[in-house]
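Notebook open. I want to look up one helix, its charged side chains and the cysteines. I take the entries in turn.

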Amino acid sequence: APAKPVLLTGASGNLGRVLARELAARGWTLRLTDLAPFPDPLPERAVFERMDLADGIGLLRQAEGCGAILHFGGVSVEQPFGTVLGPNIQGLYHVYEAARREKARVLFASSNHSIGFHERPGQANERIDVDCAFRPDGYYGLSKAYGELMGRLYWDKHGVENVNIRIGSCFPEPTEARMLSTWLSYADLVRLVDCAVTAPRSGHCVIWACSDNPASFWGRDHRDRIGWQPQDSAEAWRAKVGHITSGNPVIERYQGGGYTAIGYSRQT
Ligand code: NAI
């Protein structure tokens, strides 16, 4: 387990609850925080405090003495610009300021929606690498691109290390054809977070967070720097979900799937 406590934002959310349970089981000392109450029994060694990411001073206090901040809190689906702005831009700034003061490493829950308007590859040699252009598929994805760039800035200017994981679809199991490409198992997520925090050095890195899916859209990234390899695969669900598609040509064309079609008004 890491020598210093680890702060987890978004602890009451879907992924936060998985991480709180599984990292505590690995012996980690966790500080949990969220706007919403923590719905589960508190894991061993963990403390929970309700807080809004808008509270920059509160975050400084919560991060005191922490070696890493796992930033999973904020708006996690497509929303109007004004709804995304506070939690995902201002809140993210508060997280990075706290990390700078503590010399803590940040793990940022980025998203495939920061690059969602890349077309799906026809074959494996057309997979995109993490240095591809940002092509956000909405205001949510745009905030994730901003978050990755915030990490770039804080590493270059202040030496704040950060690992940006572009999460595909992290759910108990794949439920549609697209997830045969994008699915990330909970077990692979937990191993990824473990590697990201315990690796001796990370610098600024960006990692495709999906399992070892043969149908993945994604190629090279910086996983070797933290020693992560996914162990699960979505392929076992092909017979069950491979036929489940949207029938919408926009959704099926682009990597971001359903998010690309929200409010879509392009004619050509
Ligand atoms: P979630 O919506 O279940 O959890 C987000 C948590 O953030 C919620 O508990 C919410 O109360 C909290 N939150 C929202 N606004 C806040 C604020 N102003 N102050 C403090 N807390 C606030 O989302 P989920 O699925 O657990 O995702 C976690 C992170 O991973 C998010 O950043 C999401 O964007 C990212 N992600 C998740 C994916 C997935 O497949 N589940 C895919 C790509 C990215």
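I fix the burial scale before anything else: buried is under 20% relative accessible area, exposed is over 50%, and partly exposed is in between, with a 1.4 Å probe and protein chains only. This is a predicted model, in which local features need pLDDT of at least 70 and side-chain atom pairs count only at pLDDT 80 or more, while totals for chains, interfaces and linings use all residues. Residues are numbered from 1 along each chain as its sequence is written, and side-chain values use heavy atoms, with hydrogens and water left out.

**Entry: helix α3**

I take helices and strands as DSSP runs, numbered from the N terminus (helices H or I, at least four residues; strands E, at least two). Helix α3 covers residues 81–102. I checked its length against expectation, which is 1.5 Å times one less than the number of residues. The 22 residues should span 32 Å, and the end C-alpha atoms are 31 Å apart, so the two agree.

I then looked for bends. The bend at a residue is the angle between axes fitted to the seven residues ending there and the seven starting there. Helix α3 has a kink of about 30°, centred on G91. Just after α3, K103 has a positive phi of about 55°.

Which residues of α3 are buried? I list V84, N88, I89, G91, L92, H94, V95, Y96, E97, A98, A99 and E102. For contact I use heavy atoms within 4.5 Å. The cover over these buried residues includes α2 (56–63), β4 (68–71), β5 (105–111), α4 (139–158) and β6 (162–167).

**Entry: E97 and E102**

I compared two acidic residues of this helix. Lys and Arg count as positive, Asp and Glu as negative; His and the chain ends are not counted. A salt bridge is a side-chain nitrogen of Lys or Arg within 4 Å of a carboxyl oxygen of Asp or Glu.

E97 lies in α3. Its side chain meets that of R100 in a salt bridge, 3.1 Å from N to O. The two are three residues apart in the helix, so about one helical turn separates them. R100 is partly exposed, at 35% relative accessibility. Leaving aside neighbours within four places in sequence, E97 touches L60 and Y154.

E102 is buried yet has no salt bridge. The nearest side chain of opposite charge is R101, 4.1 Å away. With neighbours within four places in sequence left out, the contacts of E102 are L60, A63, E64, G65 and C66.

**Entry: other salt bridges**

I noted the general point that side chains of opposite charge can pair when their charged atoms come close. How many salt bridges does the structure hold? I count 17.

D40 pairs with R17, the closest N and O atoms being 2.9 Å apart. That pair links distant parts of the chain, 23 residues apart: D40 is in the loop between β2 (30–34) and β3 (47–50), and R17 is in helix α1 (residues 14–25). D40 is partly exposed at 25% relative accessibility. R17 is also partly exposed, at 30%.

R152 and D156 form a salt bridge at 3.0 Å, N to O. Both lie in helix α4, four residues apart, about one turn of the helix. R152 is partly exposed at 36%, whereas D156 is exposed at 54%.

I also found a network of salt bridges linking D188, R191 and D232.

**Entry: cysteines**

I searched the whole structure for disulfides, meaning pairs of cysteine sulfur atoms within 2.5 Å. The search finds zero.

Why is C170 without a bond? Its sulfur is 11 Å from the closest cysteine sulfur, in C210, too far for a bond. C170 is buried, at 7% relative accessible area. The sulfur of C205 is 11 Å from the closest cysteine sulfur, in C195, again too far. C205 is buried at 0%.

C66 sits in the loop between α2 and β4. Is C66 buried or exposed? At 1% relative accessibility, C66 counts as buried. Outside its neighbours within four places in sequence, C66 contacts K4, P5, V6, L7, R31, E102 and A104.

I logged two C-alpha distances from C66. E97 is 31 residues away along the chain and 13 Å away in space. S211 is 145 residues away in sequence and 29 Å away in space.
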